[in-house]
Amino acid sequence: MTAAATSPAGSPAVNEHWLIFGASSAMARAFAREAAARGAVVTLAGRDQDDLAETAADLGLRGASSSRVLACDAADPASRAECIASAPLADTTLNVFMAIAQMPEQDAMNADPALLARMIEATYAGPVALLQGLAPEFERQKGGRVVIVGSVSGDRGRRKNYLYGSAKAGLATYAAGLRARLFASGASVTLVKPGFVDTAMTWGMPGLFLVSSPEACARAMMRAALKGRAEIYHPFFWRFIMLVIKHIPAALMKRLKF
């Protein structure tokens, strides 16, 4: 597996190691900067090696003890296996930030089963396979943190987004089970349910309101991870918005066009 690394002078401030999946996304980049500011070791995993190498170099300037790049295609079992094997680093405690997802338009997935299959692979099956492969490392090291980026879309099936939402709902159920599995090992699993965040995934979507920045979301996610929170919504008021939506009677929900 190809790996690029940058290591500023001096020993790592802490033995904290963050492995960041989907590291080319705006939200993951922002989280990587939060990790770097803590003096952590940062590994960026993804497909675009050139892009990630630039980010890794930037993280060194932002305080990361060291940074490296791992090639990882979540849809390729062989690539996943290589990435899992290369993930742990000696004398560090592994933490994982999982932000891999695809969100094609619902109408496009309705018309193209192959596009639907790719969305499920990228949003649910690939992330689950990677986390399952890394779970034994958390049990071995007796600690660590996992942050999984879910979505408010997974809280209730809606006419306009139920395909993507169903994948995120499955990821939320997986996160709950993984949390229970790793509890005895002292590792925490935090599920983050963002509302609207200003990223490439939401760019150009109609009807956006109260949009958060990737930086604000990253800060909230890091705080939640360090506290061992099980689940957060970001911004926080989405918890109340989704509470209302989840309690809409099914007889009414099926008539709504959102």
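1. Let's start with how α1 and α7 cross: in this predicted model, the crossing of the two helices is right-handed. Their axes lie 8 Å apart and make an angle of about 55°. That angle makes α1 oblique to α7. On the α1 side, the contact is formed by Ala26, Met27, Ala30, Phe31, Arg33, Glu34 and Ala35. Facing them in α7 are Pro214, Glu215, Cys217, Ala218, Arg219, Met221 and Met222. By type, the residues of this contact comprise ten nonpolar, no polar and four charged.

2. Helix α1 (residues 26-37) also packs on α2 (residues 49-61), and here the angle is about 30°, with 10 Å between the axes. Angles under 35 degrees count as roughly parallel, and α1 and α2 are therefore roughly parallel to each other. This crossing, too, is right-handed. Arg29, Ala32, Arg33 and Ala36 of α1 meet Asp51, Thr55, Asp58 and Leu59 of α2. The residues of this contact divide into three nonpolar, one polar and four charged. If you are browsing the model, have a look at Arg33, which is listed in the contact with α2 and again in the contact with α7.

3. Serine 67 is worth a look next. The residue sits in strand β4 (residues 66-71). Its relative accessibility is 2%, so serine 67 counts as buried. A polar atom of the serine 67 side chain lies 2.8 Å from the backbone oxygen of alanine 56. Alanine 56 falls within the residue range of α2, 49-61.

4. Now for glycine 195, in the loop between β7 (188-194) and α7 (214-227). Its relative accessible area is 16%, and because buried means under 20%, glycine 195 is classed as buried. Leaving aside residues up to four places away in sequence, glycine 195 touches Val152, His234 and Trp238. Methionine 242 is 47 residues from glycine 195 in sequence, yet their C-alpha atoms are 9.7 Å apart in space.

5. His234, one of the residues touched by glycine 195, also takes part in a cis peptide bond. The bond runs from histidine 234 to proline 235, with omega near -15°. Proline 235 is found in the loop between β8 (231-234) and α8 (238-246). I'd flag this bond for anyone checking backbone geometry, since most peptide bonds are trans.

6. Two loop residues other than glycine have a positive phi. For aspartate 91, phi is near 65°; for lysine 142, phi is near 55°. Most residues other than glycine have a negative phi. Aspartate 91 belongs to the loop between α3 (77-86) and β5 (93-98), and lysine 142 to the loop between α5 (113-141) and β6 (145-149). Buried or exposed? With a relative accessible area of 74%, aspartate 91 is exposed. Lysine 142 counts as exposed as well, at 59% relative accessibility.

7. Finally, the overall picture. The secondary structure comes to nine helices and eight strands. Of the 258 residues in the protein, 48% are buried. Among contacts between residues at least 6 apart in sequence, 72% join residues at least 24 apart.

Definitions and conventions. Residues numbered from 1 in each chain as written. Predicted model: local features only at pLDDT ≥ 70, side-chain atom pairs only at ≥ 80, totals over all residues. Heavy atoms only, no water. Axes fitted to C-alpha atoms, helices over the stretch in contact; angles between N-to-C directions. Helix = DSSP H or I, 4+ residues; strand = E, 2+ residues; numbered from the N terminus. Parallel < 35°, antiparallel > 145°, perpendicular 65-115°, else oblique. Left-handed = near helix turned anticlockwise from the far one by under 90°. Contact = heavy atoms within 4.5 Å. Nonpolar A, V, L, I, M, F, W, Y, C, P; charged D, E, K, R; others polar. Buried < 20%, exposed > 50% of the residue type's maximum accessible area, 1.4 Å probe, protein only. Polar contact = N/O pair within 3.5 Å; in protein donor to acceptor, adjacent residues only side chain to side chain.
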